[in-house]
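This report concerns a single protein chain and was prepared for computational work. The sequence and the coordinates are shown first.

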Amino acid sequence: MKLFKYGVYALCASAMLSISSCFNLDEEPYSEIIEEDYVPTEADEIALLATTYSQLRFVMDWYGLFDLQEESGDVIVTPTRPNGWDDGGTYKQMHKHTWDNQQGQPQSIWDYCYKGIANANKILKRADEGFFTEESKPKVVAEVKGVRALWYSILCDTHGNIPIQTSFSEEVPVQSTRKQVFDFIINELKEVMPNLPTEVNKSTYGRLTQWGAKCLMARMYLNAGVYTGTPMWNECLEQCNDIINSGLFSLETNYTDIFKTENSGCVETIFAIPYDEVYNEGDNNGPVFGAHMKFLSSNSRKVFNMQTTPWGGSAANPQFINSYDPDDMRLKYTWLQGDQYSPDGVLITTFPNKLPSIYKTDTDDGYRVGKYEIKVGAKSLLSNDFPYFRYTEVLLMKAECLLRLGQNETEAAHIVSQIRERAFRESAHPEKATVDAAWLKGDTHINYGTLDEKGQIDDAGNTEVVELGGLYDEWGWEFAAEARRRTDMIRFGTYQKKSWFNHTPTANDLNGNSILFPIHLDHLNTNPNLQQNPGYAGK
């Protein structure tokens with residue numbers, strides 16, 4: 001089983017007790033241990049570190065990062081169905097980009113991130129008070145600050161202009177600009193990098209190593225043009241080359257192995273978020289992997305002999321599905337499609353590639369996310385670890401930097417062809433894996449425009465050629481349903497300009513304001529130092 005999952009995440013409750021107490025332990029043969037005499041063990045340190053990581057499981061939880069990144073993009077749609085899913089219009093607002101300062105998903109991201117940041121600041125406070133040994137303190141502080149930078153990177157992407165809080169206190173934090181947040185993240189990562197571990201083994205699984213920190217830096221640099229107005233392709237390329245040249249990571253032979261229930265041994269994963277259907281169960285243990293309950297149809301219970309009934313909401317936008325090459329096996333491995341059979345071979349239902357409207361669809365309309373293995377007998381929670389950073393991202397980032405810089409476009413095409421080889425190897429036409437720079441620089445294969453109830457384009461909307469459209473598509477096909485689509489769309493300009501399914505650009509899209517979510521009214525009312533992001537109501 002997964003060492004970090006059981007050795008760290010399962011200790012969160014005891015760690016929180018350690019943080020809030022004076023370390024008076026009622027254990028035999030001692031009646032008590034006063035704080036001055038308490039010497040923490042390695043297990044205690046790991047338990048404390050767990051509180052910094054544990055909230056990251058919000059990625060695949062309700063109103064988590066997946067919902068925010070995918071519902072607002074062009075891949076995932078949650079339409080109204082016979083069993084509901086209107087939910088006060090929240091999913092329509094996300095799809096249409098008509099959210100306001102009381103939208104639940106952005107508020108959830110804010111709350112989760114600042115919980116993680118607060119937990120990090122608690123540990124740093126303990127470090128300043130001498131809780132850790134002089135030998136372990138630099139490493140603990142580096143790891144905690146690195147994870148805190150990861151939390152801030154999410155907020156930099158989603159909300160931009162946010163408070164930077166580096167101490168555990170009741171002081172009301174002051175708001176920083178998006179560029180200031182970006183600079184803070186980069187400076188923190190540079191500072192802690194030397195004290196982060198370089199080993200890749202069971203002891204560092206699910207923890208931020210130098211390679212995870214470099215991947216985070218590369219991701220920040222990749223989007224620097226959006227975050228700061230100044231592209232930083234060379235800086236991104238440098239971090240990618242460091243990771244590649246380490247020789248510690250490689251592409252997994254089989255695409256499906258990355259997302260299996262037992263995937264902790266994946267050679268492609270640089271940083272994983274561990275989940276467990278038993279140890280993560282219950283509200284007291286924080287967020288969980290429950291997104292499959294929203295992906296699957298209620299009829300999927302019989303398909304996987306599940307111990308619970310899925311709710312059946314989200315599905316794939318047919319336009320995105322139609323952009324795949326039929327021989328691209330990622331189409332098969334990412335999406336549940338067509339006839340669905342029970343484990344003993346009985347036809348249960350069919351998932352067609354159609355969604356008549358976001359306002360009304362049938363129960364089983366639309367392909368469903370099947371990328372994350374649903375084991376037979378699955379519960380309402382999954383144990384699949386989420387690959388937050390994986391080696392394929394590093395390769396694609398390098399390819400994009402080379403193309404953006406106009407450097408060695410042949411190498412960029414070779415990198416992408418290497419990734420595609422895995423996707424086409426089992427098909428009837430493995431030669432399709434090979435692409436050239438002209439293909440990468442061509443227009444997107446997604447037929448953008450709004451759809452009528454028959455799935456036909458009724459308004460093409462913006463028809464501008466997407467720069468590096470072939471590479472843009474490769475990001476989409478490789479990382480579909482991995483909680484990142486919105487960020488990639490913004491970088492390529494499609495999020496702000498294109499129409500898809502029942503979405504047309506809003507005024508906020510066209511002037512660029514929608515690339516940031518609003519700060520929730522509750523946060524504006526409780527922190528007088530906050531100013532609302534442009535384009536939204538509030539102070």
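The sections below treat the annotated domain, the strands, the aromatic pairs and the cysteines in turn.

**Basis of the description**

The model is predicted, and local features need pLDDT of at least 70, side-chain atom pairs count only at pLDDT 80 or more, and totals for chains, interfaces and linings use all residues. Residues are numbered from 1 along each chain as its sequence is written, and side-chain values use heavy atoms, with hydrogens and water left out.

**The annotated domain and L208**

An unreviewed UniProt entry lists residues 43–222 as "domain: SusD-like N-terminal"; UniProt positions are given in the numbering used here, feature names are shortened, and annotations may be inferred rather than shown by experiment. The span is 56% helix and 1% strand, and its end C-alpha atoms lie 37 Å apart. Helices (H or I, at least four residues) and strands (E, at least two) are DSSP runs, numbered from the N terminus.

L208 is found in the loop between helix 8 (178–192) and helix 9 (210–222). With a relative accessible area of 1%, L208 is buried; buried means under 20% relative accessible area, exposed over 50%, and partly exposed in between (1.4 Å probe, protein chains only). Contact means heavy atoms within 4.5 Å. Not counting residues up to four places away in sequence, L208 touches Y53, E143, G146, V147, L196, P197, A213 and F271. For L208 and V147, the C-alpha to C-alpha distance is 6.8 Å, although the two are 61 residues apart in sequence.

**Strands and their pairing**

Two strands pair if DSSP finds at least two bridges between them. The table gives three such pairs.

| Strands | Sense | Bridges | Opposite residues |
|---|---|---|---|
| Strand 2 (residues 269–273) and strand 8 (residues 386–390) | antiparallel | 4 bridges | F271 and F389 |
| Strand 5 (residues 338–341) and strand 6 (residues 347–351) | antiparallel | 4 bridges | Q340 and T349 |
| Strand 9 (residues 449–451) and strand 11 | parallel | 2 bridges | G449 and W500 |

Strand 2 is largely enclosed by the rest of the structure, because 5 of its 5 residues are buried. F271, which stands opposite F389 in strand 8, is also one of the residues that L208 touches. Strand 5 and strand 6 form a hairpin with 5 residues between them, and G345 in the turn has a positive phi of about 90°.

An open sheet of 3 strands follows the order 10-9-11, with mixed pairing. Strand 10 (457–459) and strand 11 (500–501) stand at the edges with a single partner strand each, so one side of each is left without a neighbour in the sheet.

**Aromatic pairs and charges over rings**

Rings of Phe, Tyr and Trp (its six-membered ring) pair if their centres lie within 6.5 Å; planes under 30 degrees apart count as stacked, over 60 as edge-to-face and the rest as tilted. The count comes to 30 aromatic pairs. One of them is the edge-to-face pair of F289 and Y372, at 5.6 Å centre to centre with 70° between the planes. F289 lies in the loop between strand 2 and helix 12 (292–295), and Y372 in the loop between strand 7 (368–369) and strand 8, so the pair ties together parts that are 83 residues apart in sequence. F289 is buried at 1% relative accessibility, and Y372 is buried at 2%.

The rings of W439 and W477 form a tilted pair, because their centres are 6.3 Å apart and their planes stand at 45°. This pair links distant parts of the chain, with W439 in helix 18 (residues 437–441) and W477 in helix 19, 38 residues apart. W439 is partly exposed at 23% relative accessibility, whereas W477 is buried at 3%. In helix 19 (residues 469–478), 10 of the 10 residues are buried, so the helix is largely enclosed by the rest of the structure.

One aromatic cluster includes Y53, F271, F289, Y372 and F389. A charge sits over a ring if NZ of Lys or CZ of Arg is within 6 Å of the ring centre and within 35 degrees of the ring normal. R420 lies over the face of W439, at 4.8 Å from the ring centre, and R368 lies over the face of F351, at 5.0 Å from the ring centre.

**Cysteines**

A disulfide is a pair of cysteine sulfur atoms within 2.5 Å, and the count comes to 0 disulfides. For C215, which is in no disulfide, the nearest cysteine sulfur is that of C240, 7.2 Å away. C236 is also in no disulfide, and the nearest cysteine sulfur, that of C401, is 3.5 Å away. C215 is buried, with a relative accessible area of 0%, and C236 is buried with a relative accessible area of 0%.
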